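User: I should like to learn how to read a model of two chains, beginning with the fold and ending with the interface. Could you take me through one?

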Amino acid sequence: MTAIDAGPGAIDRASYMYEDYTLVDYNNAANASGYINYAELWFVTGVLTYTLYIATLYWNPATSKYGTRDYFNIGTVSPGSKQTFSGFLLDVTIGDYAGVYYPVGYTIEWSTSGYSGGVSYKYGQWLGTGEQTYTDAATRACSIYYTGYSFWANILKINAMLCTSILKINDVPIVTISQVNGVST
Amino acid sequence: MYVKVEPSGCCVRKGLVQIRLSMYLDINDYGYAKHHVQVPVIPEEGYKGDVSDLPKVWHNNPFHNHFIFAEPDITDKEILDIAEEYLKKAFSLWEKDQQLSLECTPVIFDPSPSAAKLFACDEKVQYLRTTELIRLLA
């Protein structure tokens, strides 16, 4: 099992980015394929009636656009401190980026310089809407950080089911299985 | 400390009811000050001025949030019993300053749920969004 992380970190930053954006932070791409099951976010302001989405996104060099790998409705997020979330599963592939959509009333902690990567942004909610063109903001960072793990190196799903949803195969605990149909896990 | 069902994080997901559990600290709990913070008050319609100009209020934020997925016939007691267990696990990590990446409960998502199942899930979500479910832990 390999630990996965993506995103620059959810910290109290010197600036903030205004409301109603979909962001892709490309400072720290996912280091392996598997699942994100933990998220940290830090917002400056928030209106606790509007819901947010966290996401993993990929870059398509052929079209110079970002697409959504997976996204998840987390509900509202309280501002003013690092908020942490667990218990969900987001698909992630090596090289994917951490992303977030935050609606009207929210502003996210933001750094305007000092990062080797940056943040791509687009006004409005664009997760799950096909590949999209975003505006690039180099050297920036926003306060998101996701972690997870690679369950099996070679098999993510069996019969369209996430391996993390399966307890046993033919009454054998999944954690003890090293091969499935001749394929090394 | 206490845990409550957060209505905004409840919805239908892949044939199951998604339930968000938000966990809060009391004033005497370890690390209370980290999430008892002053936050700017944003108008409902949004705000694009300098947020430092806005009035602030004290807010007790969750120290952690965890999602569970359940069949629509889950009872309030079952939800709160699960919530209490996760609260204990989360606080155990919190007081050791460890990452609160609680494990997911293995569930079987239904990729093509029936209309009746979706209706039952939707009804449960509507119930959770209008019912306060909270469990205090001494």
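Analyst: A sensible start is the order of the elements along a chain. From the N terminus, chain B runs β-β-β-α-β-β-β-α-α-β, which comes to three helices and seven strands. Its C-alpha atoms fill a box of roughly 50 × 40 × 25 Å along the principal axes. Please keep in mind that this is a predicted model.

User: How should a sheet be read, and in what order do the six strands of the open sheet in chain A stand?

Analyst: One reads the strand order across the sheet, then the sense of pairing. In chain A the order is β7-β6-β9-β3-β11-β12, and the pairing is antiparallel. From one strand to the next, the twist averages 25°.

User: Why is one side of β7 and of β12 of chain A left without a neighbour in the sheet?

Analyst: Both β7 (65-75) and β12 (135-138) of chain A stand at the edges with a single partner strand each, so one side of each has no neighbour in the sheet.

User: What joins β3 of chain A to β11 of chain A within that sheet?

Analyst: Here one looks at the bridges. Strand β3 (residues 21-25) and strand β11 (residues 118-123) of chain A run antiparallel and are joined by five bridges. As a residue-level example, Thr22(A) has Lys122(A) as its bridge partner in β11(A).

User: In which sense do β8 of chain A and β6(B) pair?

Analyst: This is a pairing across two chains. Strand β8 (residues 83-92) of chain A pairs with β6(B) in the parallel sense, over two bridges. Opposite Phe85(A) stands Asn65(B), in β6(B).

User: How is the extent of the whole interface read, and how many residues of each chain are in contact?

Analyst: One takes the residue count together with the buried area. In contact are 40 residues of chain B and 41 residues of chain A. The two chains bury about 3,100 Å² between them, with 53% of it on carbon and sulfur atoms. On the side of chain B, Glu44(B), Lys48(B) and Phe67(B) lose the most area to chain A, together 17% of what that side buries.

User: Which polar interactions are counted between chain B and chain A?

Analyst: Salt bridges and polar contacts are counted separately. The rule finds zero salt bridges across this interface, whereas 20 residue pairs are in polar contact.

User: Which element supplies the largest share of the side of chain B that touches chain A?

Analyst: That element is β6(B), with five residues. Elements of chain B supplying at least two residues each include β3 (16-24), α1 (32-35) and β4 (36-40). By residue class, this side divides into 19 nonpolar, 13 polar and eight charged residues.

Key: Residues numbered from 1 in each chain as written. Chains lettered and ligands numbered in written order. Predicted model: local features only at pLDDT ≥ 70, side-chain atom pairs only at ≥ 80, totals over all residues. Heavy atoms only, no water. Contact = heavy atoms within 4.5 Å. Buried area = accessible area lost by both parts, 1.4 Å probe. Salt bridge = Lys/Arg side-chain N within 4 Å of Asp/Glu carboxyl O. Polar contact = N/O pair within 3.5 Å; in protein donor to acceptor, adjacent residues only side chain to side chain. Helix = DSSP H or I, 4+ residues; strand = E, 2+ residues; numbered from the N terminus. Nonpolar A, V, L, I, M, F, W, Y, C, P; charged D, E, K, R; others polar. Pairing = 2+ DSSP bridges. Axes fitted to C-alpha atoms, helices over the stretch in contact; angles between N-to-C directions.
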